[in-house]
Amino acid sequence: MEQLIDEIPAEESLYYRLEGRFSRPAVSKLRRWLAGDAAASVVLDVSHVDRLDDATLALLMVNLVAIVRRRGKAVVLRGLRQHQTRMLAHFGIEFGEDGSIQPRIWRRSA
């Protein structure tokens, strides 16, 4: 397997610690897991990932933003490198103080 994913249930959230090489097929698998769980929030820790290329990161973010918008689920992403957060900011994705995803350009106007 390309990566090890630990699922650690917390009170009302799930914590996923991703390790190893994180690839595009892993994004699809993670999307299915996140879509199927009933937790109000999810924490994804990518600090132990050896390789997360920019294309895979973009695919991951598209899926995470969709989950935030469609399901109202809070998603926190931890462990990104500085250049990755800068790249995402160029595409309108910012992070709250707690690491929560704040997709400003995808917010619907009230």
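Student: In what kind of crossing does α1 pass α2?
Tutor: This is a predicted model, so what follows describes that model. The axes of the two helices, α1 and α2, come within 9 Å and cross at roughly 15°. That makes α1 roughly parallel to α2, because angles under 35 degrees count as such. As for the sense in which α1 passes α2, the crossing is right-handed.

Student: How does α2 lie relative to α3, oblique or roughly parallel?
Tutor: Helix α3 covers residues 82-90, and its axis lies 11 Å from that of α2, with a packing angle of about 55° between the two. The crossing in which α2 passes α3 is right-handed. An angle of about 55° is neither under 35 degrees nor in the range of 65 to 115. The relation of α2 to α3 is therefore oblique.

Student: How many Å apart are the end C-alpha atoms of helix α2?
Tutor: Helix α2 runs over residues 54-71, which makes 18 residues. With 1.5 Å allowed for each residue, the expected span is 26 Å, and the separation found between the end C-alpha atoms agrees with this expectation. That separation is 25 Å.

Student: Which residue caps the N-terminal end of α2?
Tutor: At this end of the helix, the backbone nitrogen of alanine 55 has a side-chain oxygen 3.1 Å away. Just after α2, by contrast, glycine 72 takes a positive phi of about 70°. The side-chain oxygen at the N-terminal end belongs to the capping residue, aspartate 53.

Student: Which residues of α2 are buried?
Tutor: A residue counts as buried when its relative accessible area is under 20%, and of the 110 residues in the protein chain, 43% meet that condition. Within α2, the buried residues are Thr56, Leu57, Leu60, Met61, Asn63, Leu64, Val65, Ala66, Ile67 and Val68.

Student: What pattern does the protein chain follow along the sequence?
Tutor: The secondary structure of the protein chain comes to 3 helices and 6 strands. Among them are strand β2, at residues 13-21, and helix α1, at residues 24-36. Taken in sequence order, the helices and strands give the pattern β-β-α-β-α-β-α-β-β.

Student: Which residues form the aromatic pair?
Tutor: The structure holds 1 aromatic pair. Its rings are 6.3 Å apart from centre to centre, and the pair counts as stacked because the angle between the planes is 15°, under the limit of 30 degrees. The pair links distant parts of the chain, with one partner in strand β2 and the other in helix α1, 17 residues apart. The two partners are tyrosine 16 and tryptophan 33.

Student: Is tryptophan 33 buried or partly exposed?
Tutor: Its partner, tyrosine 16, has a relative accessibility of 1% and therefore counts as buried. For tryptophan 33 the relative accessible area is 34%, and values between 20% and 50% fall in the middle class. Tryptophan 33 is therefore partly exposed.

Student: How many Å separate the C-alpha atoms of arginine 21 and leucine 52?
Tutor: Arginine 21 is found in strand β2, and it counts as partly exposed at 36% relative accessibility. Along the chain, arginine 21 and leucine 52 are 31 residues apart. In space, their C-alpha atoms are separated by 6.7 Å.

Student: What is the C-alpha to C-alpha distance in space between alanine 38 and glutamate 12?
Tutor: Alanine 38 is found in the loop between α1 and β3, and with a relative accessible area of 81% it is exposed. In sequence, alanine 38 and glutamate 12 are 26 residues apart. Their C-alpha to C-alpha distance in space is 9.0 Å.

Student: Is glycine 99 buried or exposed?
Tutor: Glycine 99 is found in the loop between β5 and β6, and glutamate 97 lies in that loop as well. Glutamate 97 is exposed, with a relative accessible area of 88%. Glycine 99 has its C-alpha 8.8 Å from that of valine 43, although 56 residues separate them in sequence. The relative accessibility of glycine 99 is 11%, so this residue counts as buried.

Terms used:
Residues numbered from 1 in each chain as written. Predicted model: local features only at pLDDT ≥ 70, side-chain atom pairs only at ≥ 80, totals over all residues. Heavy atoms only, no water. Phe/Tyr/Trp six-rings, centres within 6.5 Å; stacked < 30°, edge-to-face > 60°. Helix = DSSP H or I, 4+ residues; strand = E, 2+ residues; numbered from the N terminus. Buried < 20%, exposed > 50% of the residue type's maximum accessible area, 1.4 Å probe, protein only. Expected span 1.5 Å × (residues − 1). Polar contact = N/O pair within 3.5 Å; in protein donor to acceptor, adjacent residues only side chain to side chain. Axes fitted to C-alpha atoms, helices over the stretch in contact; angles between N-to-C directions. Parallel < 35°, antiparallel > 145°, perpendicular 65-115°, else oblique. Left-handed = near helix turned anticlockwise from the far one by under 90°.
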